[in-house]
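Have the model open in your viewer and keep the selection box handy. We will go from stop to stop, choosing a few residues each time and looking at what surrounds them.

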Amino acid sequence: MAHTAPSISTQPLSPERAASPHVRAPAGPVAPSADPVQLCFPGLDADECRAAQAAAEVLGAAAARKVGGFVLPIGFRLSVLMPVYNERETVVQIIERVRSLPVPMELIVVDDGSTDGTRQLLEQMPRREGVKVMYHERNRGKGAALRTALTMATGDVAVIQDADLEYDPQECLRLLEPIVAGRADVVFGSRYLADDGTRRKCPGQSPAHRLANRLLTWLSNVFTGLRLSDMETCYKMFRRSALAGVQIEQDRFGVEPELTAKIARRGCRLIEMPIAYTARDKSQGKKIRLRDAFNAVWCIVRYSCL
């Protein structure tokens, strides 16, 4: 029997449609302030954002909003949670990409018992302000690594970032805007939404992975009452209050349906936004396996109904 969540406003929304009046009005934005100190500009790199910020100081925040910028409140911080397992070829690059985001942030890296030299690379990296690195002595899984990362997170908003290069950290800026503006508590980045809100095929993804994602998302929607297009997406961004008291139980990839179901049962306002995605296959290090799909089915039922 499906579990429904009528208090959740969930639609596959493009950035333009995210401002729709049909999205439930919030109690208020993240840490509202009458005196914002920084503007965020999705789609711009760090240097471009600094130039836009300087222009906004002359022209005003209203002008910045007209070109896609939005206000970050005083004291705002984004927590980026990054589980890492055997990502020697990409871990340094992805850390630098995250660090280049033009928002106040902390990056929490959890090496989950890597055996390919990833841990040694992390240990040799110079210490950087705002970057915390923790280590598991053995491989325990993505869910376990996120559980560890959350114990260290202090930001107003948290987002999950895989350590490969499938997901571009710049997309986090797009996901952040609806939460900061107070239109959502949780935002999922969908690989299957186009900018106009219609469905699309995920470029480069194998037919088997596409079918598995579609079936698992459909089943999750049946049991949660949501209308997601991509339940299994890595990019899940949460207002801190949405995660308060949530205990991650799943050690592996079952964390994706677990978090989705628990957020739905709490009545959080959840929307989706389209993101860019660069798929990789097993030969390039993709780790999800058939057994994870079967476990996901069990997690959907367990955390939605039990």
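Start with helix α6 and pick out Glu171, Cys172, Leu173, Arg174, Leu175, Leu176, Pro178, Ile179 and Val180, which are buried. The helix spans residues 171–180, and 9 of its 10 residues are buried, so it is mostly covered. Please keep in mind along the way that this is a predicted model.

Now step just past the end of α6 and select glycine 182. Its phi is positive, at about 90°.

**Aspartate 185**

Move on to aspartate 185, in the loop that runs between α6 and β7 (186–190). Is aspartate 185 buried or exposed? Its relative accessibility is 13%, and the cut-off for buried is under 20%, so aspartate 185 counts as buried.

Show the side chains here. Aspartate 185 makes a polar contact of 2.7 Å with arginine 269, side chain to side chain. Then display what else surrounds aspartate 185: leaving aside neighbours within four places in sequence, its contacts are Ile179, Met237, Phe238, Arg239, Ala242, Cys268 and Arg269. Ile179 is also one of the buried residues of α6 that you selected at the start.

For a distance check, pick the C-alpha atoms of aspartate 185 and arginine 240. They are 8.5 Å apart in space, while the two residues are 55 apart in sequence.

**Helix α5**

Next, select residues 142–150, which form helix α5. This is another mostly covered helix, with 7 of its 9 residues buried. Colour Lys142, Gly143, Ala144, Ala145, Leu146, Thr148 and Ala149 to see the buried set. What do these buried residues pack against? Add the strands β3, β4 (105–112), β5 (131–136) and β6 (157–160) to the view, together with helix α9.

While β3 is on screen, follow the chain from β3 (78–84) into the loop that leads to α3 (91–99), and stop at asparagine 86. Its phi is near 50°, a positive value in a residue other than glycine. Asparagine 86 has a relative accessible area of 22%, so it falls in the partly exposed class, between the 20% and 50% cut-offs.

**Helices α9 and α10**

Now select α9 (residues 255–265) together with α10. The two helices pack at about 20°, with 8 Å between their axes. That angle is under 35 degrees, and α9 and α10 are therefore roughly parallel to each other. Their crossing is right-handed.

To see the contact itself, show Pro257, Glu258, Ala261, Lys262 and Arg265 from α9, and Ala296, Cys299, Ile300, Tyr303, Ser304 and Cys305 from α10. By class, the contact holds 7 nonpolar, 1 polar and 3 charged residues.

Zoom in on lysine 262 in α9. It is buried, with a relative accessible area of 16%. Its side chain has a polar contact of 2.7 Å with the side chain of glutamate 258. Not counting residues up to four places away in sequence, lysine 262 touches Val246, Gln247, Glu249 and Tyr303.

Then click on arginine 265, also in α9. Is arginine 265 buried or partly exposed? At 41% relative accessibility, arginine 265 counts as partly exposed. Its side chain reaches the backbone oxygen of tyrosine 303 at 3.3 Å. From here you can jump to threonine 224: the C-alpha atoms of arginine 265 and threonine 224 are 7.4 Å apart, and the residues are 41 apart in sequence.

**Helices α7 and α10**

Threonine 224 brings you to α7, where it belongs to the contact with α10. Select α7 (residues 207–224) and α10 (residues 290–305): they pack at about 10°, and their axes are 9 Å apart. That makes α7 roughly parallel to α10.

On the α7 side, show Leu216, Leu219, Ser220, Phe223 and Thr224; on the α10 side, show Ala293, Ala296, Val297, Ile300, Val301, Ser304 and Cys305. This contact has 9 nonpolar, 3 polar and no charged residues.

**Zooming out**

Finally, bring back the whole protein, which has 10 helices and 9 strands. Of its 306 residues, 51% count as buried. Among contacts with a separation of 6 or more, 80% are between residues 24 or more positions apart.

Notes:
Residues numbered from 1 in each chain as written. Predicted model: local features only at pLDDT ≥ 70, side-chain atom pairs only at ≥ 80, totals over all residues. Heavy atoms only, no water. Axes fitted to C-alpha atoms, helices over the stretch in contact; angles between N-to-C directions. Helix = DSSP H or I, 4+ residues; strand = E, 2+ residues; numbered from the N terminus. Parallel < 35°, antiparallel > 145°, perpendicular 65-115°, else oblique. Contact = heavy atoms within 4.5 Å. Nonpolar A, V, L, I, M, F, W, Y, C, P; charged D, E, K, R; others polar. Left-handed = near helix turned anticlockwise from the far one by under 90°. Buried < 20%, exposed > 50% of the residue type's maximum accessible area, 1.4 Å probe, protein only. Polar contact = N/O pair within 3.5 Å; in protein donor to acceptor, adjacent residues only side chain to side chain.
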